[in-house]
Amino acid sequence: MPPVVKSSFGERIAEALVADGLIHSKQVEELLELQKQKGTRLLKLIIEKGLVSDQDMTVSMGRVLNVPPINLSRITIPGDIAEIVPKDVAMNHKVIPIAKLEGKLLLAMADPLNVLAMDDVRRITKLEISPMIASEKAITDKLNAVDSGQTGSMEDIINKQKEMEEEAETLETVHEAREDASLDQLAAQGEEAPIIKLANLILVQAIKERASDIHIEPFEKMVRLRYRSDGALVDRPSPPKNMQVALMSRLKIMASLDIAERRLPQDGRMRVKVLGKDFDLRVSFLPTVHGEKCVLRVLDKSNLSGSLEKIGMDPDTFKRFKAAVDSPHGLILVTGPTGSGKTTTLYSALNELNKPEYNIITVEDPVEFQIPGINQVPTKKEIGLTFASALRSILRQDPDIVMIGEIRDTETAEIAVEASLTGHQVLSTLHCNDAAGAIARLDDMGIQPFLISSAVILACAQRLMRRICLSCKEPVTYPEKMYADLGIPSDFFKGSQLYRGRGCDRCGNTGYTGRLAIIEAMTVTDEVRKLVIQRASAMEIGKVAIDQGMKTLRMVALEKVREGLTTLEQTLVVTAAH
């Protein structure tokens, strides 16, 4: 009988991370090989590679060790509790007291298996120790923050500022005196330490929460801060109203924009480094009645799929999409509302096509992700570099593949169609509701039906659905009548278990973490071409496409529910019109 090989602690944690869907088993195999070469701990390699966040690692470690995890960034530790354990002891053992309860001390520990640390703290405090797990960095940051008299969180900066200037609450915030501030004053305010710290915390916290957008919105007596996480806007502690102008100036300085211009919209970019990773942020300022509103779009390159296989299409849709991408010429359209992942899908297709034998050029507004090997052109309306004018020049650059960020007008549509008919492969996005609607949209733009039928080889519609949190996933059942009311066949979920997220610390009690794409792909067949030439309605074209095997967004979404990846509620929200 062969000896039983026990997994190391690091491997057990890695297995938990795989089970939680945070990393792939192939990544673990690669890291184990790297561990043999470097001799570095497996968990350290996982963190260094940025594969999981400190908090996610903590949650998985807690589950393996059967120790509850705690997010220190979300709690405030009273001063009398923090002083129970001397600072040098806490730093040495990487522990921090959280609360005292009925003769027990709740103790956050980086290593809950450290018996010596628990013995020391028990001897000093004369209390029984109830261990909890937190990341080493979170404990160190919290200890330093407590030692300096503040926690360093966004809430503390906001509260401290409010305490220092309580009289500001009694002032009328509608006065316009601040509009007369000089350029030097604005620059000086933007470089003050509390403003710099507040701006940095807003960005860092958003990235830690995997937010896709940051909204800073001015109102008469308040400034609202919201993050868009997994497609839903969530309120966060509001910065003080009297810090509004200085905060906007700081963000403009970071984005290299004109801090004196507050009457016209401005757009820019900035790059920040958080947790060892580079993030690009697209910044937009818009004047409103009560000051400038700022929206920052967080662009994380790690969200880009290296290939079409990783997008998560069902086999039939993938086959249709892959066939179109492999075609030597033709127009591929991806439709959907803003923020539905259209551009990310096109980038995945470009990654698939990014080979030395192809000359690939894109024209975008703006360039969201820079991809080595692909020539990317940003439009600049103020100097006349529009989609149409850029496309004309691009076609003189001997391209094989062209990606157009968005077809917005007739001129751009005409050039895209002509390019696809003259031997180029063209990929672009459109704003409409479904795949068949893309044909009608081009017709509305004035493109002749016979040109549309010859140029378009694939039209897709895309949406993003929220994914069930794996940490609090639980079975759920629905009454049969509900399926009938929703038009779902009674046997569709037969033999399948449906799930929902109960809500936990990892998902912020929402029941969801991350999103997945659902795509309907309509191949333009001979039957569809005939309908296009006859100017048939989008509904008629869609019916024929479904008869030929196209899965609608609703069908694809229901399959994701059946697979246990998302919920029935998400299907109703995302595919209400399909």
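**Notebook: cores, cysteines and salt bridges**

Entry 1. I began with Ile541 and, leaving aside its neighbours within four places in sequence, I found it in contact with Ala436, Ile439, Met522, Val528, Leu531, Val532 and Ala536. The model I am reading is a predicted one. I then looked up the largest nonpolar core, which has 40 residues. The members that touch the most others are Leu333, Ile404, Leu442, Val456, Met522 and Ile541. Apart from that core I noted another, of 30 residues, with Ala199, Ile202, Ala211 and Ala255 among them. In soluble globular proteins, nonpolar side chains tend to be buried together.

Entry 2. I turned to the chain as a whole. I recorded 23 helices and 18 strands. Of its 578 residues, 47% count as buried. The exposed area is about 28700 Å², and carbon and sulfur atoms supply 51% of that area. For contacts between residues at least 6 apart in sequence, I noted that 65% join residues at least 24 apart.

Entry 3. I checked the geometry of helix α4, residues 54–65. Its twelve residues, at 1.5 Å a residue, should span 16 Å, and the end C-alpha atoms are indeed 16 Å apart, so the two values agree. I listed the buried residues of α4 as Asp56, Met57, Thr58, Val59, Ser60, Met61, Gly62 and Leu65. After the helix comes Asn66, for which I read a positive phi, near 60°.

Entry 4. I searched the whole structure for disulfides and found zero. Which cysteine sulfur is closest to that of Cys472? I found that of Cys504, at 3.7 Å; a disulfide requires the sulfur atoms to be within 2.5 Å, so this pair is too far apart for a bond. Cys472 has a relative accessible area of 1% and is therefore buried. I also looked up Cys294, which counts as buried because its relative accessibility is 0%.

Entry 5. I searched for salt bridges and obtained 23 in the whole structure. In one of them Asp213 pairs with Arg297, with the closest N and O atoms 2.6 Å apart. I placed Asp213 in strand β4 (residues 213–218) and Arg297 in strand β9 (residues 291–299), so that the pair links distant parts of the chain, 84 residues apart. Is each partner buried or partly exposed? Asp213 is buried, as its relative accessible area is 6%, whereas Arg297, at 22%, counts as partly exposed.

Entry 6. I followed Glu217 next. The side chain of Glu217 meets that of Arg226 in a salt bridge, at 2.8 Å from N to O. Arg226 is buried, with a relative accessible area of 16%, and Glu217 is buried as well, at 6%. Glu217 also forms a salt bridge with Lys293, where the closest N and O atoms are 3.3 Å apart. Because Lys293 lies in strand β9 and Glu217 in strand β4, this pair ties together parts that are 76 residues apart in sequence. Lys293 itself is partly exposed, with a relative accessible area of 21%. I noted finally that salt bridges sharing partners join Glu217, Arg224, Arg226 and Lys293 into one network.

Entry 7. I closed with Gln570, which I located in helix α23, residues 568–574. The relative accessible area of Gln570 is 9%, so Gln570 counts as buried. Leaving aside neighbours within four places in sequence, I found Gln570 in contact with Met465, Arg466 and Tyr512.

Key
Residues numbered from 1 in each chain as written. Predicted model: local features only at pLDDT ≥ 70, side-chain atom pairs only at ≥ 80, totals over all residues. Heavy atoms only, no water. Helix = DSSP H or I, 4+ residues; strand = E, 2+ residues; numbered from the N terminus. Buried < 20%, exposed > 50% of the residue type's maximum accessible area, 1.4 Å probe, protein only. Contact = heavy atoms within 4.5 Å. Areas by Shrake-Rupley, 256 points an atom, 1.4 Å probe, with all protein chains shown as cover. Expected span 1.5 Å × (residues − 1). Core = buried A, V, L, I, M, F, W, Y, C linked by side-chain atoms within 4.5 Å. Salt bridge = Lys/Arg side-chain N within 4 Å of Asp/Glu carboxyl O.
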